[in-house]
Each structure stands twice: as C-alpha cells, then as structure tokens.
Amino acid sequence: PVPKGIKISVKSKIVEVSGKHGALKRDFKHLPIELYLANSGHEVRAKMYFAKSKQLSMLRSVCSHINNLFDGVQKKYEYKMRLVYAHFPINATITNGGGTVELRNFLGEKRVRIVNMLPGVKVEKSAGTKDEIVVTGTDIDLTSRSAALIRQSCLVKDKDIRKFLDGVYVSSHGTLED
C-alpha cells in the first residue's frame, strides 16, 4: 500500500517516489519481476512467474526496497555515530555545508581524515550530545554508506583492536520521526 501524501510512478521496472522530503528513484531492471500499480494507484504489486523459493525471496526484497523509498521521502533516515576514544580526543569538523566531515587527532595521528558524504546526505554535530555526529538523508543506501565511510576512515591499524577501541561507531539508526 502507498502511504498518503506520496506520489509514485512505475514505468518499466523504474520506481519513482516523491514526498515532502524530495524525490527518489530506483531501478529494478536487473530482476525478472513484474511491477505495477494496482487498486487505482494505491498499492504497488510485484509478480513473478514460475519461481523457485530462492527467486521468490527477491519479491520480499523489492517490497522492502520500495517501503524504504516511502520512508525516506516521508521521514528521512538518520544514523547517529559516536566518537569513541580512550586518550586522544577525536576532533570532528563539518565543512562544505554538511557535505564533508574532517576527523583529526585520531590516536594522536597528524593525518586529517576527510570523508565526503554521498550525494543528498548531510552530516551535522549532535546538538544535545557531546562527541556525536548525525548523518541524515532520504536514500537509505546512500545514508548508510556514508555512515560506513566515516566508520571505515577511523580503523586502528597494527594494534590489538580488543584494546584499542577508538573509532567512530554507529550507535543507532532509523527514521526521523517528526
């Protein structure tokens, strides 16, 4: 079912969804399925013929992907990340209007780690919490990948990672409730 206040169009397996936070588009051309709007445009149906159970699992995935598009344009996704350090305080600076985050003084290193967000994703420092950054965006894939890029930029090399727990970790993620 399509939620209220959302426009959707399905044309040759390309799903375009637009809501109050913008528009998203996703291509399912690589899957052998049928996608169409039913019930006078109030629900999206996915069909597959002569499929084994392994292929049928694609249907549920497609439905989840489309629901993620709905949630993205309605509510936006947010990933909260904590800066974790034992001794050297990690310094996160947000530049480029929320498009880039610069991480300094990780384990006392002089190198500045610059992480660019993927298109349509914003990063900001958390207002209430110290040492927390928040990554928000409408596209769940781009938002989670941006969070992953930040996490991967601060990995501890050549040390025992059970002892050196410094880094930037995702503490919670989900949709922004208004």
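Student: Looking at this model, where is Lys 13 found?

Tutor: Keep in mind that we're working with a predicted model. Lys 13 isn't a glycine, but its phi is positive, near 65 degrees. As for its place in the fold, Lys 13 is found in the loop between E1 and E2.

Student: And Ser 12, is that residue buried, exposed or partly exposed?

Tutor: Ser 12 is found in the loop between E1 and E2 too. Its phi is positive as well, about 40 degrees, although Ser 12 is not a glycine. Buried would need a relative accessible area under 20%, and exposed one over 50%. With a value of 49%, Ser 12 is therefore partly exposed.

Student: On to helix H1: what span should its 22 residues have?

Tutor: H1 covers residues 53–74, and the rise to use is 1.5 Å a residue. The rise is multiplied by one less than the number of residues. The end C-alpha atoms are 32 Å apart, which agrees with the expected span of 32 Å.

Student: Which strands help cover the buried residues of H1?

Tutor: The buried residues of H1 include Leu 59, Val 62, Ile 66, Leu 69 and Val 73. In an α-helix, residues three or four places apart point the same way, because there are 3.6 residues a turn. What covers the buried residues of H1 includes strands E1, E2, E3, E4, E5 and E6.

Student: What is the phi of Lys 76, the residue that follows H1?

Tutor: H1 runs over residues 53–74, and Lys 76 comes after the helix. Its phi is positive, near 75 degrees.

Student: Which residues have the most contacts inside the largest nonpolar core?

Tutor: That core has 21 residues. Elements giving two or more residues to it are E6, E8, E10, E11 and H2. The residues with the most contacts inside it are Leu 103, Met 117, Val 135, Ile 150 and Val 168.

Student: How many residues are in the second, separate core?

Tutor: Nonpolar side chains tend to be buried together in soluble globular proteins. Here the second core includes Val 15, Val 17, Leu 35 and Leu 69, and Leu 69 is one of the buried residues of H1. The size of this second core is 18 residues.

Student: Last one, about rings: which ring does the charged end of Lys 159 sit over?

Tutor: As for ring-to-ring pairing, the structure holds 0 aromatic pairs. The charged end of Lys 159, though, sits 5.9 Å from a ring centre. That ring belongs to Phe 164.

Conventions
Residues are numbered from 1 along each chain as its sequence is written. This is a predicted model: local features need pLDDT of at least 70, side-chain atom pairs count only at pLDDT 80 or more; totals for chains, interfaces and linings use all residues. Side-chain values use heavy atoms; hydrogens and water are left out. Rings of Phe, Tyr and Trp (its six-membered ring) pair if their centres lie within 6.5 Å; planes under 30 degrees apart count as stacked, over 60 as edge-to-face and the rest as tilted. A charge sits over a ring if NZ of Lys or CZ of Arg is within 6 Å of the ring centre and within 35 degrees of the ring normal. Helices (H or I, at least four residues) and strands (E, at least two) are DSSP runs, numbered from the N terminus. Buried means under 20% relative accessible area, exposed over 50%, partly exposed in between (1.4 Å probe, protein chains only). Contact means heavy atoms within 4.5 Å. A nonpolar core is a set of buried Ala, Val, Leu, Ile, Met, Phe, Trp, Tyr and Cys residues joined through side-chain atoms within 4.5 Å.
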